Amino acid sequence: MFPWQKQKTAAVQKRKERKISRNLKSNVAYIEEQFSYGINFDFVSQEIVSPASRYHLFFYSTTIDTQQLSDHIISPLLEAKKDIPISRILTVPSLASIESMNGAEKGLTAGSVIIFKEGSPEAFEANIQDFKHRSIEKADNERTVKGPKDSLTESLTTNISMIRKKMPSKDLIAESIEVGVRPADPVTLVYVRDLVNNDVLENIKKRIQSITVDNIRNVEVLEQFLEERPRSLFPTMLYTERPDNAANYVSEGFIAIMMDNSSSCLIAPITIWGFFHSPEDIYLRWAFGNFSRLIRAVAYLITLFVSATYVAITNYHVQLVPIDLLLAVASSRERVPLPITYEVLLMELAFELIREAGVRIPSPLGPTIGIVGALILGQAAVEANIVSPIVVILVALSGLSSFTAANYSINHTLRISRFIFILAASLMGALSLLGAIIIWLAYAVSLNSFGVPYFSPATPHTKSSDDTYFRKLLKNIKWRPVFLKPKDVDKK
Amino acid sequence: MKKIIVILFLIFLPALLGGCFDQKELEEQAFVVSIGVDKTDTRGVFRFSFQIANPEVGSSATGTSTKEPAQAVISVLGSDFLTATNAANATVAKEITLNQARVVIISEKLARSKEFIHLMQSAPSTVDLKLNAQLVVSKENAETFIRNNKPRLESRPHKYYQYMLDRAKETGIIPDAPLVRFFQITEGDADLFIAPYATTIRDDETEIGEEDHYKAGEIPVKGESQTQFMGSAVFREGQMISTLTGEENRFCLMFDSTLAQKDILISFNDPLMKEYQVAGRLDINNVKVKVDYKKEKQTTINVFVDFNINIHAIPSTVDYIQSLEKQRILKNSIEKQIKNRGERFINKTQEKFKAEPFYWSLHIRHKFLDIKQYEKADWMNKIYPNAQVRLHFNLEGLEFGKMLRETDIEEVRD
Amino acid sequence: MELLKKPMRARELIAMIFMLIGIKGGDTTPSLFADEAQNALWIAPIVSFVVILPPFITLMYLLKKYQTRNLAELLHHLLGTKLGTIIGIFLFVGAFISMAADMRNIVEEINYLYFPNSPTIIIYLIFIVICLFVANKGLESIGSLAWAVLPVIVLTIISVMFVDFQATVWQRIFPILGGGASIVIRDGFSLSSVFLEFFLLTIAYQAFHDTKQFRIGMYTGSILSVLLIVLFYMIYTMVFDYNTVDNIAYLYQESTEIVPLGHFFTNISTFFMVGWLLSNFLRFTIFLYIICWLYGALFQIKRFEGLLMPISFLAMILSMIPPNFITNEMIVRKTSFHWISPIYLCFPFLLLAASLWRERRKL
C-alpha cells in the first residue's frame with residue numbers, strides 16, 4: 001500500500017470509530033461540520049424543545065417524507081411530557097438505535113431522520129425516506145405483445161417488491177452486500193435459497209467484494225466489473241428490464257443482481273440461449289412461440305452472414321449463382337464505381353450511422369432520421385450510381401434483422417461480428433469466411449459464464465428443459481437446468 | 001491489445017485494397033452461355049465460338065434500357081477449351097468465364113471425325129466447364145448455328161436454350177445428354193451415346209409425313225425462328241455414326257431405364273378407319289429389361305413396357321369411348337403398331353449400328369462377379385448384335401380425356 | 001471457476017469421430033480405393049473396418065482392464081518406458097505422415113476447385129492458421145464445437161445425398177466385386193490405416209465424463225462413420241460408372257456438380273462446400289490436437305498445446321515436398337498407408353501379449 005493511501009484509510013478509520021457523546025452540543029457541532037450545514041441548502045438541523053427534554057433532528061429535507069416527519073416525529077416529541085426513551089415516543093414504523101457517529105452519517109445519507117437527545121449516548125434513526133423515482137412504466141426495450149407489461153424502475157425497493165409479488169415465497173432471498181467505498185453502494189442478490197448453487201453464489205459475492213473501485217452506481221457499470229472477459233464480444237450476463245423475466249430466471253436457480261438507480265437487473269450465470277430467448281416465447285402458445293424463435297434464428301443468421309456471403313460469392317464464387325440472378329446482379333453493378341467490398345462496407349457503415357443517430361436524436365426530430373436515412377442514403381445513392389440496389393436491399397435486410405434480437409447486448413455482438421465476417425469474406429472468399437466463422441464459434445463455445453459453459457445445455461450436454469433453439473411443451477419440461485447444478489433438479 | 005488490433009488492421013488493409021489472387025469483380029467477367037466447336041483443316045485445332053450474354057439487356061424493369069445487343073458471339077481457334085478461352089480474351093475486355101455455360105454445340109462434321117474424342121478429353125479437366133452442360137450436335141457449323149440462333153420471345157440467350165431443350169425433352173424428341181453421360185457411356189464402352197440433333201437451316205424438300213419421322217431441319221415450319229431441335233446423333237466409341245429421327249429417339253427414351261420417363265405425344269392409325277389417325281399422350285409406367293444370358297448360345301433380351309394412353313383426338317369420330325369392344329380393338333391395334341415400330345428400330349440398331357443406345361448393358365452386369373469377366377463377355381460386340389430381342393408392350397390403361405362421346409359429324413353436317 | 005468437471009459426453013465424441021473419419025467419404029480417399037477396386041470401392045472400406053476391428057477391440061479391452069489414463073500411458077505401463085516410447089514414436093510418425101498427406105490433399109482440392117489462381121502455400125497457411133486457432137482452445141472446446149457444427153454438416157450430407165440420388169443408376173453397382181475379389185481384399189488390408197484415427201483417439205480415453213461414455217461414443221461413432229463412408233462410396237459408384245470413377249480425383253465435388261436442381265440452381269456444388277470446408281477445418285484441428293497430445297504424452301510434456309504450432313508447420317513443409325497432387329495421393333499416401341497399416345494392426349496384439357506375459361509372471 002502506498003503511503004498516501006495509508007493516510008487516507010487511517011483518517012477514514014478514525015472517523016468511523018467516533019462514538020456519540022452524551023453532550024448534545026458537541027454532537028450537533030460535529031454533524032453540522034460533517035454535513036456542511038449552511039452550505040447544503042437542504043440539510044436541516046432542527047432543535048426541538050419539549051417539556052421533558054431537548055432533542056435535535058437532522059435530515060435532508062429533500063429525501064424524507066415531510067408529512068410523516070411532522071405527524072410522527074415532531075408532534076410526538078413536542079408533546080412528550082415525561083422524559084421517556086425516544087423509541088417509546090415516536091410513532092414511525094421503522095426506528096433504530098445507533099451508537100456511533102458513523103451510523104448516524106450513514107443513516108443521514110440514506111435519507112433517514114437522525115434524532116439526538118440531550119444526555120443520551122445513543123441516537124435514533126427514523127426511516128421515513130422518500131427518494132423520488134419514476135413510477136412503474138411499460139417495458140420499453142423488451143417489448144412483448146402477450147405477457148405482463150411492467151418494467152423495473154430506478155428504485156430498488158420497488159423492484160424487489162415487484163419480484164416478491166411474482167414469487168411469494170419465504171425461500172426468495174434478497175441479500176445485500178456492499179461494493180465500493182466512496183460511498184459504498186448496496187448490491188442486492190436475489191435468489192431462491194433452496195435452488196441456487198452455492199458455488200456460483202459465493203463466486204459472485206467474492207467477485208463483487210473484490211472490486212476495488214471507489215464507487216459503482218448501477219448494474220450497467222457493475223456488469224463490466226464482474227465479467228470475466230470484459231473485452232469479449234459476447235456478454236456473459238443477461239441484462240433485462242422485465243421483472244417477470246427476472247423472476248422466471250430466479251425460479252430456475254439463476255441469480256438476479258440488482259442495484260438502486262438501475263431500471264434493469266443482471267441475470268447470472270447465463271448461456272448463449274438466454275440471449276436468444278424472449279420471455280414472450282413462454283407466454284405464447286407452443287407453436288407460436290417456436291415460430292417466433294424460428295424467425296429470430298433466421299434473422300440472426302441473416303444479420304451475421306448475408307452481407308459477408310454476398311461479398312464472398314460475388315468476388316470469389318460466381319459459379320454458385322444461378323445465371324439469371326448473376327446477370328441481374330452484374331447489370332446492376334455495371335455503373336457502380338466502387339468494388340463490392342467497399343460498396344457493402346460503405347452501406348453497412350451508413351446503416352450504423354442511421355442507427356446511432358436514431359438512438360441519440362431528440363425525439364421531436366426523430367421522424368427526420370427516417371426521411372434522411374431512407375431517401376438520401378438509399379434512393380439517392382442508388383440513383384447516383386454510388387451503390388447498387390442489391391446492396392441496399394441486403395444491408396437494409398441485415399440491419400433490420402439485427403433488431404429482432406431478443407436482447408440489447410447481443411444486438412451489439414451481432415452487429416460487430418458482421419463487420420468481422422465481411423472483412424474475412426473479402427480476404428479469401430468462402431475459405432476465410434468459413435474460417436472466421438469457425439474461429440468465432442470456437443471462441444464462443446470456449447466461453448463460460450460463472451463456470452457455466454456458454455453453449456450448455458446443448459454442448460456440453462446436461463439434463464435440462466432442452467430449451468435451446470426450440471422449446472418443448474411446458475408440461476413436458478421436467479428438469480431445471482442442471483448445468484447450474486441447482487440444489488433441486490426436478491421441477492415436479 | 002491495441003497493438004494487435006493495429007497489426008491485424010494493417011494485415012487486412014492491403015488485402016482489402018488489392019483483393020486476393022482469385023478475387024474477380026462481377027462486372028469484370030463475361031459469362032458464356034453456350035460454346036460451339038467446329039472442325040478446322042488443321043488437325044488438333046478447332047474453332048471455338050463463345051456466345052456471351054450481355055447482363056445489361058433485359059435485366060432492369062425500370063430505367064433506361066441499353067441499345068447494346070443481348071449477346072455477342074466470338075470465334076477463335078484453339079486446341080482445347082482453356083486455350084480457346086484465353087485466345088478469346090484477346091478481343092473481349094472482360095474475363096471470359098465458362099462456368100455458366102449450359103450448352104456445348106458440336107458440329108456434325110467434328111462429331112463424325114476421330115478428333116472429337118480428343119477434344120472431349122480436355123473437358124473434364126477444365127475447371128470452369130461444368131459437366132452437367134448439355135451436348136448438342138448441329139447439322140451445320142456450330143458457329144453458324146449460334147449466329148443464326150435469334151430467339152424472338154426471350155430477351156436472354158441462356159433462357160432460350162434452356163426452354164428450347166426442356167420443351168423438346170418433354171415431348172421426347174431429343175434425349176437428355178449432359179457431358180457426364182457422354183463420358184460414362186463412352187468410357188463404359190458397351191452402349192451408344194445419343195445427343196440432341198439440331199439445326200438452323202431448313203431443308204425445304206421434305207414433305208409432310210407422320211409427325212415424328214423428322215430429323216432436325218426437316219420439319220416444315222413457317223415462322224421467323226429457324227432453329228429446330230429434333231432427333232438425335234448417335235455416337236459409338238466417341239464418334240458420331242448416324243442420326244435418329246424423333247420417333248426413334250422416343251423409343252430410346254422408352255427403353256432406357258436411366259432416363260426420365262416423360263409422357264410422349266404419339267399418333268397411330270385408326271384400326272377401324274384406316275385413313276385416319278388417333279393421337280394421344282403416352283405415359284410409360286414401367287420398363288423392365290430381362291437379359292437371359294447364355295455364355296455360348298444366343299442371348300435373349302425380353303423387354304416389358306407397361307404404358308397408359310390418354311387419347312385426345314379421334315378425327316375419324318369412331319365411337320371408341322362408349323364401346324368396350326371397339327376399345328379392345330383399339331388397344332390391340334395400338335400394342336401391335338407400337339411393337340412393329342419398336343421392332344423395326346431394334347433391327348436397325350442390331351444391323352446398322354451393331355450396338356444399342358438404350359444403356360441395356362446395365363441389365364447384364366449383375367450376371368458377372370467382377371469387371372474382367374464382364375468386359376470379356378463383351379456386350380457391345382458379341383452379345384447384343386447377335387441377341388434375340390423380344391418386345392412386350394402392355395397397354396394398361398386407355399383414357400379418353402374429358403369428352404364423354406364423340407360428336408357425330410354426320411349429324412352436324414345436317 | 002468450473003462448475004462441471006469433464007463435461008464431455010458420448011455425443012461430443014461421436015461428433016468428433018464423425019468429423020475425423022466420416023468425412024473421409026468426401027475427400028480424396030475414395031479415389032485411392034477406386035484406383036484398382038473400381039466400382040467395388042465401397043466394399044474395400046468394409047473390409048478395412050473388419051480388419052481393424054480385432055486390434056481395436058483388443059486395445060479398448062486393455063484400456064478398460066488397466067484403467068490407465070490414455071494410450072501413451074498404456075504403452076509405457078505394459079511395455080516399459082523405452083519400448084513403449086519407441087512404439088509410440090512409430091504410431092506418432094505414422095499418424096503424422098498420414099495427416100500431412102491428407103492435409104496436402106485437402107488444400108490442393110480447395111486450391112484447384114475454388115481458388116485456381118492462388119498459390120497453394122497461401123491457402124495452406126490460411127488453412128493451418130485457422131486450425132491452430134481452434135486447436136488452441138483445447139479439447140473441450142473442440143468437442144463442443146464439433147457438436148455445435150454437426151447440424152450444418154449433417155444437413156449438407158443429407159442434401160448431397162438427396163442431390164446425388166437423382167443421378168444414381170443402381171445397376172452400376174454391378175459387377176459387384178469390381179476389380180476382383182482378391183484386389184478388394186488386398187486393398188482393404190493395405191489401406192486399413194485409413195481408419196488409424198480410431199486408435200489415436202484412445203489418447204483421450206479419460207478425457208470424457210466417464211470411460212463408459214467414451215466407449216459408447218467410440219463404438220457408435222465408428223459405426224456411423226463407416227456407414228457414411230460406405231454409403232458415399234456406393235453413391236459415387238452409382239453416379240459415375242466404374243470406368244469414370246477411377247479417373248476422377250474429387251468425387252464429392254464432381255458428383256454434386258453434375259446434378260442441377262431445377263432450372264434455377266444449376267451449379268450447386270459450391271453450396272456443398274460450406275459443410276465440407278467446416279468439417280475439414282474441424283477434422284484437421286482434431287487430428288492436429290490428438291497428434292500433439294500423443295507426442296506430449298509420450299515425452300511427458302504437460303502443456304503440449306505449445307507443440308501445435310511447430311508440428312503443424314513441420315507437417316506443412318513436409319507435405320509440400322511431393323511435386324503435385326497426383327504424386328501425393330497415388331504414391332506418397334498409398335505407399336505410406338502400406339507401411340503404416342501393419343504397425344497399427346499389430347501393436348494392440350503386442351500389448352496384449354505383454355499383458356498376458358505380465359499376468360503369467362505374477363502367478
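Begin with helix H8 (246-255), strand S10 (264-269), strand S12 (300-313) and strand S13 (388-399) of chain B in this predicted model; these elements are among what covers the buried residues of H9(B). Next, select those buried residues themselves: Leu330(B), Ile334(B), Ile338(B), Gly342(B), Phe345(B), Ile346(B) and Thr349(B).

Now display the whole of helix H9 (residues 324-353) of chain B and check its length. The end C-alpha atoms are 42 Å apart, which agrees with the expected 44 Å because the helix has 30 residues at 1.5 Å a residue. Step past the end of H9(B) to Lys354(B), where phi is positive, near 55°.

Turn then to the boundary between chains B and C. Here, 28 residues of chain B are in contact with 31 residues of chain C. On the chain B side, select helix H7 (179-188) and helix H10 (371-377), the elements that give two or more residues. H7(B) gives the most, with five residues. Colouring this side of chain B by residue class shows twelve nonpolar, nine polar and seven charged residues.

Finally, move to chain A, which is divided into domain 1 (16-126), domain 2 (156-270) and domain 3 (290-452). The centres of domain 2 and domain 3 of chain A, taken over C-alpha atoms, are separated by 35 Å. Between these two domains, 14 residues of domain 2 are in contact with 13 residues of domain 3. On the domain 2 side, helix H7 (198-209) and strand S8 (238-240) of chain A each supply at least two residues, and H7(A) contributes the largest share, three residues. The residues of this side divide into eleven nonpolar, three polar and no charged.

How values were computed
Residues numbered from 1 in each chain as written. Chains lettered and ligands numbered in written order. Predicted model: local features only at pLDDT ≥ 70, side-chain atom pairs only at ≥ 80, totals over all residues. Contact = placed C-beta atoms within 7 Å. Helix = DSSP H or I, 4+ residues; strand = E, 2+ residues; numbered from the N terminus. Nonpolar A, V, L, I, M, F, W, Y, C, P; charged D, E, K, R; others polar. Expected span 1.5 Å × (residues − 1). Buried ≥ 20, exposed ≤ 12 C-beta atoms within 10 Å, placed from the backbone. Domains from an automatic or database assignment.
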